[in-house]
Amino acid sequence: MGGRSKQGLHLQLTGSSYNRPAVYTSFILVPLILIDNAIKYATPRSEVNIRVQDIGDDGVRVSIESFGKVVIPSERQRIFSKRYRGTNAGDAPGSGFGLWIAQTIAHIHETEINYTASTAMGEGWNTFTIDVRSP
């Protein structure tokens, strides 16, 4: 499944999951925040890939990958801090609460959001991944 957003981004959803980990209703905000950030910070006319897959007998992995400016290494731990906006955030709208809220909800579910980047001259693939398992 794929489609185009207002910025001309190509949104691609792949994978499937049959596992149903026990989560609070608030968990739905986590992938929505990560997808919103991916769209907001992606290079226009690039791709945002959303992948869902089962892990083990009870877990689900959700990965959101977008192409754009990457978070510089010295800021990678701080991007989940309340009100923090990275150097590469530029003039994109935001208050620095999104990733903090997403990580706070992830902690309630006893998991972490992981960030990785592959770079080429300041731009590259930004990937946020979260694994959710039943307690």
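Buried means under 20% relative accessible area, exposed means over 50%, and partly exposed is what lies in between, computed with a 1.4 Å probe and protein chains only. By this rule E110, at 72% relative accessibility, counts as exposed.

The model is predicted, so local features need pLDDT of at least 70 and side-chain atom pairs count only at pLDDT 80 or more, while totals for chains, interfaces and linings use all residues. Residues are numbered from 1 along each chain as its sequence is written, and side-chain values use heavy atoms, with hydrogens and water left out.

**Stop 1: the whole chain**

Show the protein chain as a cartoon. There are two helices and six strands. Helices (H or I, at least four residues) and strands (E, at least two) are DSSP runs, numbered from the N terminus. Follow the chain from the N terminus and the elements come in the order β-β-α-β-β-α-β-β. Of its 135 residues, 38% count as buried.

**Stop 2: the two helices**

Select residues 29-41, which form helix α1, and residues 98-108, which form helix α2. How far apart are the axes of α1 and α2? The distance is 9 Å, and the two helices pack at an angle of about 155 degrees. Axes here are lines fitted to C-alpha atoms, for helices over the stretch in contact, and angles run from 0 to 180 degrees between N-to-C directions. Angles under 35 degrees count as roughly parallel, over 145 as roughly antiparallel, 65 to 115 as roughly perpendicular, and the rest as oblique. α1 and α2 are therefore roughly antiparallel to each other. Their crossing is left-handed; that is, the near helix is turned anticlockwise from the far one by less than a right angle, whereas clockwise would make a crossing right-handed.

**Stop 3: a nonpolar patch**

Select I28, L29 and L32. Together they make a nonpolar surface patch of about 280 Å². Patches are made of residues with over 30% relative accessible area and no salt bridge; like charges are joined within 9 Å, and nonpolar side chains (Val, Leu, Ile, Met, Phe, Trp, Tyr) within 5 Å. The areas come from the Shrake-Rupley method with a 1.4 Å probe, and for residues only the protein chains shown count as cover. L29 belongs to helix α1 and is partly exposed, at 38% relative accessibility.

**Stop 4: the salt bridges**

How many salt bridges does a search of the whole structure find? It finds three. A salt bridge is a side-chain nitrogen of Lys or Arg within 4 Å of a carboxyl oxygen of Asp or Glu.

Begin with R51 and E65, whose side chains meet at 3.3 Å, N to O. R51 lies in strand β3 (residues 47-55) and E65 in strand β4 (residues 59-69), so this pair ties together parts 14 residues apart in sequence. Is E65 buried or exposed? E65 is buried, at 17% relative accessibility, while R51 is partly exposed, at 35%.

Next select D58 and R133. The closest N and O atoms of this salt bridge are 3.8 Å apart. D58 is in the loop between β3 and β4 and R133 is in strand β6 (residues 123-133), so the pair links distant parts of the chain, 75 residues apart. D58 is partly exposed at 31%, and R133 is partly exposed at 43%.

Then select D131 and R61, where the closest N and O atoms of the salt bridge are 2.6 Å apart. Strand β6 holds D131 and strand β4 holds R61, so the pair ties together parts that are 70 residues apart in sequence. D131 is partly exposed, with 23% relative accessibility, and R61 is partly exposed with 28%.

**Stop 5: two positive phi angles**

Select R45, in the loop between α1 and β3. R45 is not a glycine, yet its phi is positive, at about 65 degrees. R45 is exposed, with a relative accessible area of 66%.

Move on to E110, in the loop between α2 and β5 (113-120). Its phi is near 55 degrees, again a positive value in a residue other than glycine.

**Stop 6: two pairs to check by distance**

Select Y41, in helix α1, together with K69. They are 28 residues apart in sequence and 7.4 Å apart in space, C-alpha to C-alpha. Y41 is partly exposed, at 29%.

Finish with F97, in the loop between β4 and α2, and K82. Their C-alpha atoms are 5.5 Å apart, with their positions 15 residues apart in sequence. F97 is partly exposed, at 27% relative accessibility.
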